[in-house]
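This report describes a single protein chain, moving from selected residues to the chain as a whole. The sequence and the structure are shown first.

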Amino acid sequence: MKIFDLQGNNTNFITEILAGVTSFFTMIYLLSVCPGLIGCRGVTTDTIYIGMCIACFFGCIIMGIWSKQPFVVVPSVGMTVFFSSALMTDMNLSYHEAMVITTVSGLFLLALTFTGIGSSVFNTLSGSMKNGISAGIGLYIAMVGLQNAGILVKDETNIWKIGELSYRKTDIFPIIVLFVGLIVIGWCKKIGMPSPPFFGIIASCILV
């Protein structure tokens, strides 16, 4: 694949395929979370889901072919919550009004990117802040997994807490799937296999 200069970037075709599949399975939860946050607010959940799929597809294609960067383009949970809660709930804007504001802000950020101002602003961030963003995203993904497994639940005050883990009161199977996936990821990491999360996801899927 000369167009991507895999050898020059110290990688190969198999590694990139594994990384892409791993990223897909890691981020696919966004397509189930984000439409639910916006649905029933002037637009159907199915419409949001299809729109996000189309945007992700073309965004990832453009990112790979044009910019030649190994990044996935997916909806932002933070921006989705801001869209549904701050704009549509707190400010009582309609779906179309909130979409106009989001579109204008997106065009503004696009202009900052093309002019190079966005890169200059990003370079001013400290290393700890950049690492903190990545860590925050990882913690959020971990929280979603713990929630789906039933380890984290919400109480009457809408605060997350550890659920009842008794096998008599809780479906223990999702928890088993979660820990099997984590063990497989750790084992693959220990023996030096490429893309350990991918094999953890496969192991979890086999159990399910």
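## Ser-204 and its surroundings

Apart from neighbours within four places in sequence, Ser-204 is in contact with Val-177 and Gly-181. The model is a predicted one, and the values in this report are computed from it. Ser-204 belongs to helix H9, which covers residues 196-207. With a relative accessible area of 16%, Ser-204 is buried, because the cut-off for burial is under 20%. A polar atom of the Ser-204 side chain lies 3.0 Å from the backbone oxygen of Gly-200.

Gly-200 also takes part in a second relation. Its C-alpha atom is separated by 7.7 Å from that of Ile-183, although the two residues are 17 residues apart along the chain. Ile-183 is located in helix H8, residues 173-190, and is exposed, with a relative accessible area of 59%.

The table lists the residues for which a relative accessible area is given.

| Residue | Location | Relative accessible area | Class |
|---|---|---|---|
| Ser-204 | helix H9 | 16% | buried |
| Ile-183 | helix H8 | 59% | exposed |
| Phe-114 | helix H5 | 60% | exposed |
| Asn-92 | loop between helix H4 and H5 | 65% | exposed |

## Helix H4 and the nonpolar core

Which residues of H4 are buried? They are Val-77, Thr-80, Phe-83, Ser-84, Ala-86, Leu-87 and Met-88. The cover over the buried residues of H4 includes H2, H3, H5 and helix H7 (127-149).

Phe-83 links this helix to the largest nonpolar core, which has 15 residues; Ile-38, Ile-48, Met-52, Phe-83 and Tyr-95 are the members that touch the most other members. Helix H2 (30-38), H3, H4 and H5 are the elements that give two or more residues to this core. When neighbours within four places in sequence are left aside, the contacts of Phe-83 are Ile-38, Met-88, Tyr-95, Ala-98, Met-99 and Thr-102. In soluble globular proteins, nonpolar side chains tend to be buried together.

H4 is followed by Asn-92, a residue in the loop between helix H4 (77-90) and H5. Asn-92 has a positive phi of about 55° although it is not a glycine. Most residues other than glycine have a negative phi. Asn-92 counts as exposed, at 65% relative accessibility.

## A nonpolar patch on the surface

Nonpolar residues are also found on the surface. Tyr-49, Ile-50, Ile-54, Phe-57, Phe-58, Ile-61, Ile-62, Ile-65, Trp-66, Leu-107, Leu-110 and Phe-114 form a nonpolar patch there, and together they have about 1,300 Å² of accessible area. Helix H3 (45-65) and helix H5 (95-115) are the elements that give two or more residues to the patch. H3 gives the most, with eight residues. Phe-114, a residue of helix H5, is exposed, with a relative accessible area of 60%.

## The chain as a whole

The chain holds nine helices and two strands. From the N terminus on, these elements run in the order α-α-α-α-α-α-α-β-β-α-α. Of its 208 residues, 22% count as buried. The chain exposes about 14,300 Å², of which carbon and sulfur atoms supply 70%. Among contacts with a separation of 6 or more, 43% are between residues 24 or more positions apart.

How values were computed: Residues are numbered from 1 along each chain as its sequence is written. This is a predicted model: local features need pLDDT of at least 70, side-chain atom pairs count only at pLDDT 80 or more; totals for chains, interfaces and linings use all residues. Side-chain values use heavy atoms; hydrogens and water are left out. Patches are made of residues with over 30% relative accessible area and no salt bridge: like charges are joined within 9 Å, nonpolar side chains (Val, Leu, Ile, Met, Phe, Trp, Tyr) within 5 Å. Accessible areas come from the Shrake-Rupley method with a 1.4 Å probe; for residues, only the protein chains shown count as cover. A salt bridge is a side-chain nitrogen of Lys or Arg within 4 Å of a carboxyl oxygen of Asp or Glu. Helices (H or I, at least four residues) and strands (E, at least two) are DSSP runs, numbered from the N terminus. Buried means under 20% relative accessible area, exposed over 50%, partly exposed in between (1.4 Å probe, protein chains only). A nonpolar core is a set of buried Ala, Val, Leu, Ile, Met, Phe, Trp, Tyr and Cys residues joined through side-chain atoms within 4.5 Å. Contact means heavy atoms within 4.5 Å. A polar contact is a pair of N or O atoms within 3.5 Å; within protein, one must be able to donate a hydrogen and the other to accept it, and residues adjacent in sequence count only if both atoms are side-chain atoms.
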